[in-house]
Amino acid sequence: MFKNFIFLFPFALIPSYFFALALDLNSLETIVRKVLAVDVEVSFDTVFNSFSLITADRWLFGIVSFICMALFMPMLLAFIEKHMRIGSRSLKGIAKRINYNFISTLVILIIALAIYELWALVASGLIYASVLLLDGAARLVVAIVIALGMFLLLAYIFTQIWLWLPCLQITGYNFMDALVFSSQAIGSNKKRLYLAVMIPYIVCMALILTVVGICGSYDVVVPVFVFIELIYILLFLYCNVLMYTAYFDAAGEDREDLKKRF
């Protein structure tokens with residue numbers, strides 16, 4: 001990703017911009033402030049808005065971000081596949097690939113969004129239940145444990161379908177056959193893939209909370225937005241690159257981009 005960042009960056013800029021706009025900074029700041037004060041007595045809406053990608057107040061930005069991802073991801077994935085398969089980093093012909101990759105990318109994005117929003121609803125409900133049922137430090141500890149556990153569960157769920165999209169686009173299988181084949185292809189690499197999905201995700205979430213907490217203490221908005229957009233750019237690119245690198249590794253396909261050229 002970093003080696004080819006200058007080529008990948010343009011595909012992530014616009015989706016990440018609207019993704020950052022969709023984030024409910026007020027709810028996140030409230031969560032951080034409550035945790036630091038050892039007081040997690042918060043409403044369900046505050047918890048859910050901190051997790052959800054499409055909140056009540058900023059839903060329009062969330063939808064625009066989703067549309068941008070559906071438009072830019074097919075081209076980004078086409079560029080990544082082209083580079084890995086033939087070693088070329090040329091942008092020529094990439095725009096035409098949107099017709100081939102668009103439907104599969106859109107369907108997987110819709111499924112991923114539905115899974116995430118359902119996860120956000122369940123996670124928020126469990127955390128809010130701990131707030132209602134417990135008191136004092138126990139409430140904070142249990143809420144944090146539940147949040148971490150739910151993050152680990154989310155990473156596990158997405159690991160199971162992580163190779164689904166590249167399998168669809170490379171093999172041309174239908175959706176169910178591609179899902180079965182991608183699950184089989186992971187094989188013994190499932191643990192490594194899980195760590196590759198989980199660790200960066202949790203690190204990025206921790207960075208976002210840290211940035212929100214620091215900037216919230218000094219009542220600034222622009223720096224926190226810029227930092228969050230940068231984090232989203234890196235996470236967006238990382239996830240897309242990881243899908244194809246993991247698929248090529250699992251399927252045993254040769255990568256021309258790794259070969260030395262003289």
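This passage describes the overall fold of a predicted model and then three of its local features.

The chain is helical. Ten helices and zero strands are assigned. Read along the sequence, the pattern is α-α-α-α-α-α-α-α-α-α. The C-alpha trace spans about 60 × 40 × 35 Å along its principal axes. The radius of gyration is 20 Å. A compact globule of 262 residues would have a value near 18 Å, so the chain agrees with that expectation.

Contacts and burial add to this picture. Among contacts with a separation of 6 or more, 78% join residues 24 or more positions apart. Buried residues make up 45% of the 262 residues. The chain exposes about 13600 Å². Carbon and sulfur atoms supply 70% of that area.

Part of the surface is a nonpolar patch. Ile54, Trp59, Leu60, Ile63, Ile67 and Leu71 form this patch. Together they have about 520 Å² of accessible area. One of the six, Leu71, lies in helix H4, which covers residues 59-86. The relative accessible area of Leu71 is 37%. This value falls between the limits of 20% for buried and 50% for exposed, so Leu71 counts as partly exposed. Leu71 also passes the patch criterion, because patch residues need over 30% relative accessible area.

Helix H5 holds a buried charge. This helix runs over residues 98-133 and contains Glu117. Glu117 is buried yet has no salt bridge. The nearest side chain of opposite charge belongs to Arg58, 13 Å away. A salt bridge requires a nitrogen-to-oxygen distance within 4 Å, so a separation of 13 Å does not qualify. Glu117 does touch other residues. Leaving aside residues up to four places away in sequence, its contacts are Phe48, Ser52, Leu53 and Ile54. Ile54 is thus named twice here: it touches Glu117, and it is also a member of the nonpolar patch.

Asp57 presents another setting. This residue lies in the loop between helix H3 (44-51) and H4. Its relative accessibility is 70%. Exposed means over 50%, so Asp57 counts as exposed. Glu117, in contrast, is buried. Asp57 can also be placed relative to an earlier part of the chain. Asp57 and Leu23 are 34 residues apart in sequence. In space, their C-alpha atoms are 9.8 Å apart.

Methods. Residues numbered from 1 in each chain as written. Predicted model: local features only at pLDDT ≥ 70, side-chain atom pairs only at ≥ 80, totals over all residues. Heavy atoms only, no water. Patch = residues over 30% accessible without salt bridge, like charges linked within 9 Å, V, L, I, M, F, W, Y side chains within 5 Å. Areas by Shrake-Rupley, 256 points an atom, 1.4 Å probe, with all protein chains shown as cover. Helix = DSSP H or I, 4+ residues; strand = E, 2+ residues; numbered from the N terminus. Buried < 20%, exposed > 50% of the residue type's maximum accessible area, 1.4 Å probe, protein only. Lys, Arg positive; Asp, Glu negative; His and termini not counted. Contact = heavy atoms within 4.5 Å. Rg over C-alpha atoms; globule rule 2.2 N^0.38 Å.
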